[in-house]
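Hi there,

Here is the structure I promised to pass on. My notes on cysteines and aromatic rings follow below it.

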Amino acid sequence: MLTDDLNRIRRIRIALLIGALALFALLYAPQPVLPQFADAFGLAPGTVALLVSAGTLGLAIAAIPLGTLSEVYGRRRIMVGSLLLAEAIGVLLPFIGNFPLLVALRLVQGAAVAGIAAVAAAYLADETGGRDLGTTMGLYVAGTTVGGMSGRLLGGIAGDYAGWAGGIAAVAVLAGICTVGFVLLLPKERHQRRQELHWKPLLVGVRAAATDPALRPPFLVAALGMGAFVAVYNVLGFRLVEPPLSVPPALAALAFLAYAAGTVTSAVAGGLADRWGRRPVLLTGLGTALLGLLLMLAGNLVVILAGLVVFTGGFFAAHSVASGWVGVLASPSARGQASAMYQLAYYGGSSVGGVVGGIAYAAWGWNGMSIVLGCSMLLAGLAVLRGRRAETARAEPVAAQAQVASES
């Protein structure tokens with residue numbers, strides 16, 4: 001029986017890793033070919049960034065409804081159906097030549113992938129019973145970094161030779177292969193307690209998650225950190241291909257190899273959080289990301305790329321810890337809603353940060369944009385430090401009850 005449980009957890013880890021790969025490859029497929037989109041449609045960086053922001057906005061909007069529905073219809077059913085729909089849209093996108101329609105389809109595609117993003121943490125918490133949850137969540141986040149890196153890299157290289165449509169199509173093929181593996185490997189739930197479809201009691205969990213002071217720090221890390229992260233990667237392609245750097249687009253796409261740093265740090269940070277505590281590891285991740293942002297102020301290409309690696313590794317370490325923290329802090333009856341709230345913060349921040357970053361870059365250049373993003377990272381760190389009070393306030397009544405029970 002123990003061997004069966006271990007094999008099942010292994011299947012869950014592999015399935016969610018490749019599911020995350022497909023999710024993030026599809027979600028950010030337009031990002032490496034934004035300069036090609038801008039040329040093809042005659043658009044400014046801030047406007048063309050809507051292709052990325054529409055996807056993340058759709059995810060943010062759909063996260064809470066799909067997270068709530070997973071409590072009723074089952075987490076696996078929601079995740080599988082969502083990924084299949086997102087892949088179908090990914091196949092359709094290269095054949096659309098109208099920019100507003102592309103943005104609309106990206107909004108729907110983002111809403112579809114919310115079915116995995118908003119439910120995965122709750123599924124893991126239920127099916128693993130909390131066993132090595134930090135390590136398992138770290139592997140899931142590692143899959144998101146592999147998907148982000150491979151999708152952007154493949155799309156950027158293909159886009160240089162076949163235009164934006166070729167780049168999007170190449171990513172759809174990669175995601176399709178991963179989708180098949182995900183559907184075949186992901187086990188059906190064993191431990192989830194489904195609820196009836198009564199919106200009022202289900203939405204109580206949403207309200208509880210939204211108003212829980214202990215959950216605010218990871219939510220703010222998600223919103224502010226992801227906003228800064230997407231802004232950097234949206235604008236980086238423009239900075240690299242423009243003078244004075246003037247890097248060819250195919251070579252500029254290689255900058256997305258920096259995602260490999262996030263693959264490593266997200267998996268490592270989850271294990272370190274299990275041993276050393278979440279707050280110190282989370283703060284270390286944010287500080288590392290801020291250091292990388294400072295390094296990218298340099299005008300030297302090698303230093304910029306080194307800073308990108310440091311920035312990416314630090315951000316994904318922080319994200320891995322913050323996302324796993326939500327599953328621990330949330331009430332068991334509202335884990336789906338709390339996980340969905342995290343995704344709302346994460347991708348809502350991405351949508352806003354991506355557009356704001358493009359506008360700031362157009363107005364003040366890379367240095368001005370970096371000041372804005374650096375302030376948001378500092379605010380995230382401050383929220384984590386202040387969150388200790390909320391956890392202490394929550395723990396005191398529990399400790400008092402335990403003491404009363406032992407005395408009686």
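A residue is called buried under 20% relative accessible area, exposed over 50%, and partly exposed in between. C375, with a relative accessible area of 43%, is therefore partly exposed. C178 comes out at 10%, so this cysteine is buried. Please keep in mind that the model is predicted.

On disulfides there is little to report: with the sulfur atoms of a pair required to lie within 2.5 Å, the count is zero.

The aromatic rings gave me more to write about. Searching the whole structure turns up 15 aromatic pairs. One of them joins F37 and F41: the ring centres are 6.1 Å apart and the planes meet at 15°, so this pair is stacked. Both residues belong to helix α2 (residues 34-41), and because they are four residues apart there, about one helical turn separates them. F37 is buried at 2% relative accessibility, while F41, at 24%, is partly exposed.

Y346 and Y347 make a pair of another kind: with centres 4.7 Å apart and planes at 85°, their rings are edge-to-face. Y346 and Y347 are both buried.

These two tyrosines also belong to a cluster linked by ring pairs, whose members include F24, Y28, F229, Y233, F256 and F311. R152 is worth a look here too. Its charged end sits over the ring of Y28, 4.3 Å from the centre, and R152 also lies over the face of Y233, at 5.7 Å from that ring's centre.

Happy browsing, and best wishes!

Conventions: Residues numbered from 1 in each chain as written. Predicted model: local features only at pLDDT ≥ 70, side-chain atom pairs only at ≥ 80, totals over all residues. Heavy atoms only, no water. Buried < 20%, exposed > 50% of the residue type's maximum accessible area, 1.4 Å probe, protein only. Phe/Tyr/Trp six-rings, centres within 6.5 Å; stacked < 30°, edge-to-face > 60°. Helix = DSSP H or I, 4+ residues; strand = E, 2+ residues; numbered from the N terminus. Lys NZ or Arg CZ within 6 Å of the ring centre and 35° of its normal.
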